[in-house]
Amino acid sequence: MIRLGVIALAGTDNGGTYQYTLSMLQALRHTSGFDITLYGDPQNRDFIELGYPIRPFIESRARQMTALAARNLHIGLSDPFVSEDVLLAPIYSLALLHTSKPFAFTLHDLQENYYPENFSRWTRFWRHQVYTRLLARTRRVICESSYVKKDIMRFFGMAEERTVVITAPPLRQFMADESSETLQATRRRLQLPDKFLFYPAQFWVHKNHSRLLEAFREVVAEVPDLKLVLTGKKRDEYEAVMAAVAKFGLSEKVCHLGYVAQEDLQAIYRLATALVMPSLFESVSIPIYEAFQVGTPVAASGILAIPEQVGDAGLLFDPMSVNSIRDAMLKIVKYPDTARLLGQRGREKMLAMTPERYGAQLQNLLLELR
């Protein structure tokens with residue numbers, strides 16, 4: 001039996017990386033030959049429900065800085081994973097710089113190289129230092145798209161054979177059908193409108209809420225009974241987005257749900273007219289896969305790795321163009337046959353993306369680390 005330590009540092013505040021972590025942990029239940037221990041928050045309800053033994057492990061920024069500085073000075077720190085044989089990290093941990101155990105970690109994207117203006121000079125320096133040190137020591141780096149793989153090779157000179165593309169499916173619960181009574185109960189409880197576009201995203205600059213709102217203003221001029229439902233905690237660009245909602249006269253047309261519990265997401269996707277994803281940067285968008293699973297039509301940015309992810313199962317638009325975003329939304333809302341075809345293609349695309357298949361890919365990777 002191989003002792004596998006999984007370092008799960010992401011929490012609900014981490015957006016898509018948290019969903020990715022849960023998907024990876026779920027897939028590991030379909031592996032064999034591993035004695036799995038999770039290193040993370042023992043109070044995390046999602047972790048507890050998965051049933052793994054949990055060792056308390058947190059990594060504050062101060063602790064990370066200490067680990068990085070010690071590595072740069074060739075000073076060894078204690079290894080918190082000494083009892084494991086191999087390690088897997090769905091989001092980076094700097095404690096990995098001080099372990100003798102073979103490990104793989106996921107590098108989700110290199111957005112700071114595309115939109116440096118969205119990051120402070122310190123953040124850009126920090127990320128470069130962290131990735132440089134971790135990539136030098138890891139046996140394998142995992143990414144979710146060929147686009148990100150090429151970025152890692154280009155920006156860090158990573159050897160191709162040490163870079164592996166493994167795409168995580170969304171959580172399994174989205175495969176279960178819900179009764180109409182359950183869906184309508186969720187609609188009433190969350191006060192969801194009858195017809196709405198759904199954009200689940202934190203209020204980060206690159207999520208491009210401002211152009212979405214401009215486009216949506218033009219859409220509702222033609223489809224007045226349509227609304228837009230947003231999620232995300234009230235932080236980052238939230239106030240600016242709400243100011244734009246008021247400025248465009250959309251206060252009665254835009255609903256903000258705040259943080260949405262995982263058990264409510266499936267119902268929201270099923271009730272939505274479409275998912276719209278106008279983000280300016282995504283390595284892989286988990287909401288797109290979540291929408292595909294339940295047959296909800298998708299309109300998304302035609303940038304970076306998203307065309308690779310979407311294929312012919314969604315409409316792609318230019319996220320820098322308000323007109324392009326508007327036209328894609330209108331095509332789905334005004335043409336039901338198009339919406340149905342996209343929903344069907346999305347479902348078909350997801351049939352091969354199962355936790356079992358993902359688990360098999362992870363098992364093969366982990367065996368290579370030994």
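Is Asp236 buried, exposed or partly exposed? Asp236 is partly exposed, with a relative accessible area of 45%; buried means under 20% relative accessible area, exposed over 50%, and partly exposed in between, with a 1.4 Å probe and protein chains only.

This is a predicted model, in which local features need pLDDT of at least 70, side-chain atom pairs count only at pLDDT 80 or more, and totals for chains, interfaces and linings use all residues. Residues are numbered from 1 along each chain as its sequence is written, and side-chain values use heavy atoms, with hydrogens and water left out.

## Sheets

Helices (H or I, at least four residues) and strands (E, at least two) are DSSP runs, numbered from the N terminus. Two strands count as paired if DSSP finds at least two bridges between them. Strands of a sheet pair through backbone hydrogen bonds, either parallel or antiparallel.

One open sheet is built from 7 strands with parallel pairing, in the order β3-β2-β1-β4-β5-β6-β7. Its edge strands, each pairing on one side only, are β3 (54-56) and β7 (163-165). From one strand to the next, the twist averages 25°. Axes here are lines fitted to C-alpha atoms, for helices over the stretch in contact, and angles run from 0 to 180 degrees between N-to-C directions. Within this sheet, β4 (residues 86-89) and β5 run parallel and are joined by 3 bridges. Ala89 stands opposite Phe105 in β5.

Two helices lie across strands of this sheet, where contact means heavy atoms within 4.5 Å. Helix α1 (residues 16-27) lies across β1 (2-7), β2 (34-40), β4, β5 and β6 (140-143), and runs at about 140° to β5. Helix α14 (residues 355-369) lies across β1, β2, β4, β5, β6 and β7, at about 165° to β6.

Another open sheet has 6 strands, also with parallel pairing, in the order β10-β9-β8-β11-β12-β13. Here β10 (254-256) and β13 (315-317) are the edge strands, each pairing on one side only. Neighbouring strands are turned by 25° against each other on average, direction ignored.

Strand β8 (residues 196-199) is covered on both faces: Phe196 and Phe198 on one side, and Leu197 and Tyr199 on the other, are all buried. In a regular strand the side chains alternate between the two faces of the sheet. β8 pairs in the parallel sense with β9 (residues 227-230) over 4 bridges, and Phe196 stands opposite Lys227 in β9. Between these two strands the chain passes through helix α7 (residues 209-222), and this β-α-β crossover is right-handed; that is, with the strands pointing away from the viewer, the path from the first strand over the helix to the second runs clockwise.

β8 is also joined to β11 (residues 274-277), by 2 bridges and in parallel. The bridge partner of Leu197 in β11 is Ala274. In turn, 3 bridges join β11 to β12 (residues 298-301), again in parallel, with Met277 opposite Ala300 in β12.

## Salt bridges

Side chains of opposite charge can pair when their charged atoms come close. A salt bridge is a side-chain nitrogen of Lys or Arg within 4 Å of a carboxyl oxygen of Asp or Glu. The structure holds 13 salt bridges, including those in the table.

| Basic residue | Acidic residue | Closest N to O distance |
|---|---|---|
| Arg127 | Glu112 | 3.0 Å |
| Arg235 | Asp236 | 3.2 Å |
| Arg340 | Asp337 | 2.2 Å |

Arg340 and Asp337 both lie in helix α13 (residues 336-350), 3 residues apart, about one turn of the helix. Both Arg340 and Asp337 are exposed. Salt bridges that share partners join Glu218, Arg326 and Asp327 into one network.

In the pair of Arg127 and Glu112, Arg127 is partly exposed at 24% relative accessible area, whereas Glu112 is buried at 7%. Arg235, the partner of Asp236, is partly exposed, with a relative accessible area of 29%.

## A buried threonine

Thr186 sits in helix α6 (residues 180-190). Thr186 counts as buried because its relative accessible area is 5%. Leaving out residues up to four places away in sequence, Thr186 touches Gln191, Leu192, Asp264 and Ala267.
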